[in-house]
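Here are my notes on the model you sent over, set out point by point. I hope they help as you look around it.

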Amino acid sequence: MRVALAGLGDIGLGAHLPALRRHPSVRLVRLVDPDAGRREAAAAQGIPVGADVDPGEVDGVVLATPPWVTPELVVRYARAGLFVLAEKPVATSVEAAGVYGQLSAEERGRVQVGLTYRHDPALQQLATWISEGTLGTPVLVRAHIYDEPYDPADVEHADRIIATLAHGTPVVHEGAHLFDWLSHLLGGQPESVDDAWSRMTRPGLPAANLTGARLSYPGGHQALVEFGWLTSALPRCELTFLGDRGLATLDGFTFQLRLRTAAEDREIRFPGDRMTRCFDLQVQRFVDLYDGACKAGVPSLDDGIAALRTAQLVAGRAL
């Protein structure tokens, strides 16, 4: 599969590029970014670099691009006949995602959304425990998703995250992952956003950098969620799943699992680090889509839009 990588920032060069290079069925033919400085820095990778993708030289494109430019690129490349793996979130709002309505069913089917950590075996193990009643039912989920610490000495990072905050609170960006996981684990989209809150930890930020909510899911499951960026110290990033029979804890960075019930107390560790594991599985799914082993992207464009819709409902309720 001939692939171009568009977007040469941290996630593009630090995660997508190594995973694409590791896969034996992928041939990277071009690295793409509109920024000349990034193109110059990426030239050392030994792969041709350019300012745009030529649909005639590739079978697929990986978009490691900001969500405010991703929709236009997805539509352009999918309509050109390419397979597209697009970083989450798929847009900054449901309204901005309306451009995907231009795609036919066949074109939508060639789009895979980079909800990368859905592929992790830890999520599959949690799904089994919940569906088989290991924890009891319903379950109460507590999710604390804190990332992107504020370091005044790292001006470049702070400026980049603040610029991202101008396009939506952390719930829009981090919620793309979490709300996809919860719908996958709890049997569908949330039935309601029961309440929500937001807080700005210091004046001058373009939007609130802390947000939380309570959501109800099918089967009586509930989720209490918190998201946060840009504090000098961060709370522990983890998810807990509590039922009357047991408690499962997922470490938000390593994806190590712990299960505690009346009968057992055990930890499960999966081989390798979470990022390598999940990005490799994601590329395999992309190759499967190209080869026809998958009939549609997993996760699909509809999955990405559904997660964005929930995040937007939470953000709106918080305001």
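1. A term to settle before the pockets come up: a pocket here is an open set of grid points where a 1.4 Å probe fits, with protein on both sides within 12 Å along at least five of seven lines. Its volume is the space filled by probe spheres set on those points. Please keep in mind too that this is a predicted model.

2. With those terms in hand, let me begin with the smaller site of the two I looked at. The second largest pocket has a volume of about 150 Å³. Its lining is made of 14 residues, and nearest the centre lie Thr169, Val172, Ala315, Gly316 and Leu319. Which helix gives the most to this lining? That is α9, residues 301–318, with four residues. Sorted by class, the lining has nine polar and five nonpolar residues, and no charged ones.

3. Now for the main site. The largest pocket comes to about 1400 Å³ in volume. It is lined by 50 residues, and those closest to its centre are Ile11, Glu87, Lys88, Glu148 and Arg160. Charged residues number 13 in this lining, alongside 28 nonpolar and nine polar ones.

4. Which elements build that lining? At least two residues each come from α1 (10–22), α3 (70–79), β7 (140–146), α6 (155–165), α7 (170–186) and α8 (274–291). Helix α6 gives the most, with six residues.

5. Two of the residues closest to the centre of the largest pocket deserve a second look for their backbone. Lys88 is joined to Pro89 by a cis peptide bond, with omega near -20°, and Pro89 sits in the loop between β5 and α4 (105–109). Glu148 is not a glycine, yet its phi is positive at about 55°; this residue belongs to the loop between β7 and α6.

6. Two further backbone features are worth checking while you are at it. A second cis peptide bond links Val298 to Pro299, with omega near -10°, and Pro299 is placed in the loop between α8 and α9. Phe255, another residue that is not a glycine, has a positive phi of about 65° and lies in the loop between β12 and β13.

7. On to the overall picture. How many helices and strands does the chain have? There are nine helices and 14 strands. The radius of gyration is 20 Å, close to the 20 Å that the globule rule gives for 319 residues, so the chain is as compact as a globular protein of that length. Along its principal axes, the C-alpha trace spans about 60 × 50 × 35 Å.

8. One open sheet has six strands in parallel pairing, in the order β3-β2-β1-β4-β5-β6. Its edges are β3 (49–50) and β6 (111–114), each of which pairs on one side only. Between β2 (residues 27–32) and β3 there are two bridges in the parallel sense, and Leu31 stands opposite Val49 of β3. Helix α1, which also supplies residues to the lining of the largest pocket, lies across β1 (2–6), β2, β4 (60–63) and β5 (83–87), and runs at about 170° to β1.

9. Another open sheet is formed by eight strands with mixed pairing, ordered β8-β9-β10-β7-β11-β12-β13-β14. Why is one side of β8 (192–199) and of β14 (265–268) left without a neighbour in the sheet? Both stand at the edges with a single partner strand, so one side of each has no neighbour there. On average, and with direction ignored, neighbouring strands of this sheet are turned by 10° against each other.

10. Finally, some detail within the eight-strand sheet. Strands β9 (residues 210–216) and β10 (residues 222–228) run antiparallel and are joined by seven bridges; Arg214 has Leu224 in β10 as its bridge partner. Helix α5 (residues 121–131) lies across β11 (238–242), β12 (246–251), β13 (257–261) and β14, at about 20° to β13. Helix α9 packs on the sheet as well, touching β8 and β9, with its direction at about 60° to that of β8. That is the helix from point 2, the one that gives the most to the lining of the second largest pocket.

Definitions and conventions. Residues numbered from 1 in each chain as written. Predicted model: local features only at pLDDT ≥ 70, side-chain atom pairs only at ≥ 80, totals over all residues. Heavy atoms only, no water. 1 Å grid on protein atoms, 1.4 Å probe; cavity = no way out; pocket = protein on both sides within 12 Å on 5 of 7 lines; lining within 4 Å. Nonpolar A, V, L, I, M, F, W, Y, C, P; charged D, E, K, R; others polar. Pairing = 2+ DSSP bridges. Contact = heavy atoms within 4.5 Å. Axes fitted to C-alpha atoms, helices over the stretch in contact; angles between N-to-C directions. Rg over C-alpha atoms; globule rule 2.2 N^0.38 Å.
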